[in-house]
Structures are given as C-alpha cells and as structure tokens.
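Grab your viewer and work through a few exercises on rings and strands. Each task comes with a solution you can follow step by step.

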Amino acid sequence: MTVNFRHPLIPPDAPLEMPTQDLGRPFHDPSARPVHSSTVTILVRCLVFAFALATTGWLGFVFADWFKGGMLSWPEAVMIGLVMFTFFWISLSVAISFLGLFYRDRPAQGTRRPLTMAILLPVYGEPVEKLTSNLESMLRDLSQTRHAHQIALFVLSDTRDAAKVEAERAMIARLRAAMPTEAIHYRHRPQNADFKTGNIRDWVTRHGADYEAMLVLDADSQMSAEAMLRLADAMSEDPGAGLIQTIPRLIGSRTFFARMQQFSNLVSGSTLGRGLAIMSGTEANFWGHNAIIRTRAFAASAGLPRLKGRKPFGGVIMSHDFVEAALIRRAGWTVNFLPEAIESFEETPATIIEFVQRDRRWCQGNIQHLRLLTTRGLTWMNRFHMFQGAMAYIASVAWFALLVLWALLGVGSDALSIVYFTDAAPMFPKWPEMDIVSKVIVLGFVYGMLVAPKLIGALRLIKSDPGLAGFGGWGWFSTGFLTELGFSIAMAPMMMVQHMLAVGRALIGRDTGWAPKRQSRTSLSGLLRFHAVETMLGLLLTVGCVTGTVSLWIAPIAGCLLLAVPLSALGSLDMSGWRLLTTPQDGIATGSPTVGLATRKTPRTV
C-alpha cells in the first residue's frame, strides 16, 4: 500500500541567522521589550538571602564562641570557614523550599494567538524502541487534543552508528505511515559538531525562520499534549517571553535507586522548583529540555562561542543550557519557570553508577561556568544560577576538607592547641565552655536544616492531597519518606567522594566528553572497581577509629563509605511491582499515554 504524505521528510530550508555572541560586550536584541524585575521579586530575593546569611552567620558565631579563650588557631579558623561555606547552601535551599509553599498556580488562559511551533528531539544513539513509544504517545495525544497551533516534529539525529541510523529512519517511516497527516521530519548530521548545541544550532540556521517557537526535548522526555500546548499558549500570550521552562517530574523508575529519586523529586524537588520560580521571576534558568523557546530570540542572542584554551575549560560549552538562558535574558527577553505544566516528564539514571557518570559531565560543564561569570551584560541572578551550579559540586570538596580536618583534630595531640574528643567520651566533641544542652540544640538545628526541604515538601503534598492517595496512603508515604531519607543519608558520603573526584578530574584537565548513554555494569567486580576510592577511604577511616588515631565521631561516615558497594548493589535492585516508594507517576511508564494522568483535562479555548 502506498501512503501519500502531506509533509516531506525534511522541509525546504528557511534559513535564520544565528551570530556567535561576544561575551566581552553587552548585547540587547532590538526586538525585545524592556523588562525589569518587580519590586516583589527583589524583596523576595532579599529575604531569601538574608535568611541564608543570618543562619550561616549565627552558626559561625556559635562555633567561634566554642573556641573562645584567645586568638583562633588556624585549624579553628579553617574549620569555621568550611562550616559556614557548606551551611550557606543548606540554608539557601531551606529558604527557597519554604518559599515554594506560597506559589500559586496560574490558571490556563487558552490559545490567544496560534503559534507555529517545532518540537525538536535531538537524539544520539538512544534505543529506537523507547524513542518510538515516546513519540507515538505524544503525537497521538496532540492529535486528539483541540488546539489552533501549527506543530511539526523534527527528530534531529547525531547518531554515529550506521545500523542505529537505519533503525531511526525505519522508526520515522513507521510513525509517518501510522499518522500520515502529522508533520514528522527527520534529519541526520554527518558530523556531530558541538554536540547538542551544534545540533540545535544547525536546525535554527536551516529551518528556524519558519517557526516562531521551538519546544526542545531530550531523548527520554515525555510530555502530555496539555503541557505542550500550555507552553505554546504561555508564549503566545506573552510577546516578551524568550524561554519558558517546565519543572519535569521523573517517570519510568524501576530500580530502587531510581524510585528513590522519583519519590524525592516529587516530595521535595517540586516544592523547591516552585520556590525557585518565585525567586527567579523573569530571570529563570534553562535545563536543556522540556522548555519552549522563541526561535528568533534564541537565534539573535544565544549563539555560543567556543572558549579559548584546552579542555575541559576551553572548547565547547558543555552545560550550554544555563548559558543560553543567561544570554537570552541579557538580550532583553524574559526567561520564566512554569511549574503549572506538571505533565512534563523525564527519566532518571537507573543506578548509582549511571547517576555518577552523568554527574561527571555535568560537573565539568558547571565548573566551566566559573569562566563565564564575568560575561558582560548578564543579570546578577543569572550569574548566581551559574555559580550555584558550580558550587553544587565544589561544596563536596569543602565537605571532604571539613571531614579530614575534623578527623585530624578530633582526637587531639600535644602538637594541637585544642582537644575535642577524649577516651571517656569518644562519640561527642568536648567544646570549650559549652554545656550539653546547647550542643544538642545546635546539632539538632544543623540536622533539622538538612532534612527541612524534604519536610517542607511533604507538608505541601499533604496540604494538596490530605489522604496522600497518589502515594498509596499515609502508611506507604511515611514508609517511603523514611526509606528515602535513610538511603540518602547513607549515600551522602559516597556522593561527596564521587563529586570530589569529578571536580578533580575537571581541574586536572580530564575531559569527560559527551558520549551516548551506556548501561552500567552492576557485577560485583564492576561495583568494586567503580567504588574503590570510597571503599578504601572507608577502610582507612575505620582502621583509624579502631586504633584511636581517628575519632569515633567519624565512624558513621566510615561505615557508609565501607558500604558503598552494597548500597550501589541495593540501588540496582529491580523493584517493579513493589509498593514501596510509590508515587502518582508510577502509572506513567515510558512511552505510555500521558493524557490526564497528572491532572484532569480542562477544556481548551481555540
């Protein structure tokens, strides 16, 4: 049977110029409208940072008071500095999470003016079966939902393997045969120059003039028609919007680690995202996918240069999304978060090893941002987004330094001016002139701040769904909450070491590169090799505790590091069908229909 397609496999070129930006000069797009942060947004930011600085300053004062009795020694001063540096980011996340309780969803307005929108799916050797199911579900959902927008799909392949390229072409043929009225296009680049950045830029310069907006996805993205059209409506409604980013939820989790991530993402991540939306205002961030971008704004302002110097700090800008958002805002366009589009999904790495491998690339890209903080014309909020992204990894180096200092000073010796631990009470530090009640209060405050974002997120969920039906009820929610909390605490030392290693790899110039996703090996030998550093460090600390050269105060951390391999193996356990760590997204398998699963459909205005 011959199928007559309305649309060519690749449409005629509609070139759009995308000049490379000069990071040393400010730039304003003449097409953008003047925009400034509102007074409310500025006030909110001041309150958030004031809280973080006040709590951090108070904790530093308490530590300094513990050491009183003369001038601070250099170990004491360094310890106080590390405590304040690491605690600031904890306080900031608490303040932003609390802010998320006050976010109010904006009602959908419906289509004000139809947009011509391209859905862009960059692929790089991902499994074709998963791509097919995801695309088919999204396209069918769109075809069954009334709207006035003109939408086309572009699969933009950078795949290197010839057999996989043929499989992608066959996938497109099947999709076009199944839905001949839909505009489904496919393009394969002979060379994947500049990775995903170059892939998107190639499309913009070849076809961008025909489309007002582009909805950028990842290979594992999945969005309902409601979410996609809500983004299109929001951009149609706001002519000054350059980029609108959803806050994706996690789906498709089967392993224990992935289900833990999915649970945590919904409990604390969604609340944190809402708080970030309030604080960011029109200077939000871009996470590289599940976002709509005004094509001409992107072309005019977000052409990324190659950085001078050797990799990893030179060359292609790896974490391009943060920088693109900052440049779009620099040009005068707004960049906003849209938490209301809740049927926006992505997958999470299935195992701890896969998670760490992805983090290594993110770490390299985020540290590279430190070079870009001096880019002319950026708003201070966009600079902060980039700085905070780098600190997410560099803070682990500070935590490790604090651990080493605590271990060395904790036992004490004649060469040191302070002694914190004694044989009589090896598990508790002996602070100068500090009563036990104050110690417990301060310790409780620190641990309370660490878990506060999770508690705040749980409070918001309970308020919105008192019965917690989507989590299987109160019993399963409580069990899942405690399980996720316990596993996160146990995993924290391991992730501290892995982040420290990732920072080290970047600093010595070891380029992580950009490779297609690989399934990690979870054999015992593979786990032992991957977690060798954590295991050896845990063994050394344990021997130190046993011999008395390291305080027993470090024993819990040593134990968690020793358990790196068992924890990683546990994280790989297949939990398909288990009720533990249940979330509402469990009904959304990869490639399944997404219509109405997260929210009830509301009538659309055409």
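## Exercise 1: a tilted ring pair

W287 has 27% relative accessibility, so W287 counts as partly exposed (buried is under 20% relative accessible area, exposed over 50%, partly exposed in between, with a 1.4 Å probe and protein chains only). Before going on, note that this is a predicted model, where local features need pLDDT of at least 70, side-chain atom pairs count only at pLDDT 80 or more, and totals for chains, interfaces and linings use all residues. Residues are numbered from 1 along each chain as its sequence is written, and side-chain values use heavy atoms, with hydrogens and water left out.

Task: work out how the rings of W287 and F337 are arranged.

- Step 1. Recall the cut-offs: rings of Phe, Tyr and Trp (its six-membered ring) pair if their centres lie within 6.5 Å; planes under 30 degrees apart are stacked, over 60 edge-to-face, the rest tilted.
- Step 2. The centres of W287 and F337 are 5.0 Å apart and the planes make 35 degrees, so this pair is tilted.
- Step 3. Place them: W287 sits in the loop between helix 7 (256-280) and strand 8 (291-294), F337 in strand 9, 50 residues apart. Helices (H or I, at least four residues) and strands (E, at least two) are DSSP runs numbered from the N terminus.
- Step 4. Check the partner: F337 is buried, at 5% relative accessible area.

## Exercise 2: another ring pair

Task: find how many aromatic pairs the structure holds, then classify W58 and F445.

- Step 1. The count is 18 aromatic pairs.
- Step 2. W58 and F445 are edge-to-face, with 5.1 Å centre to centre and 80 degrees between the planes.
- Step 3. This pair ties together distant parts of the chain: W58 belongs to helix 1 (residues 39-66) and F445 to helix 12 (residues 436-464), 387 residues apart.
- Step 4. W58, at 37% relative accessibility, is partly exposed, and so is F445, at 26%.

## Exercise 3: the sheet

Task: give the strand order and the edges of the open sheet.

- Step 1. Two strands pair if DSSP finds at least two bridges between them.
- Step 2. Seven strands line up as 3-2-1-4-8-6-9, with mixed pairing.
- Step 3. Strand 3 (183-188) and strand 9 (334-337) are the edge strands, each pairing on one side only.
- Step 4. Inside the sheet, strand 1 (residues 116-123) and strand 2 (residues 150-157) run parallel, joined by eight bridges. M117 stands opposite I151 in strand 2.
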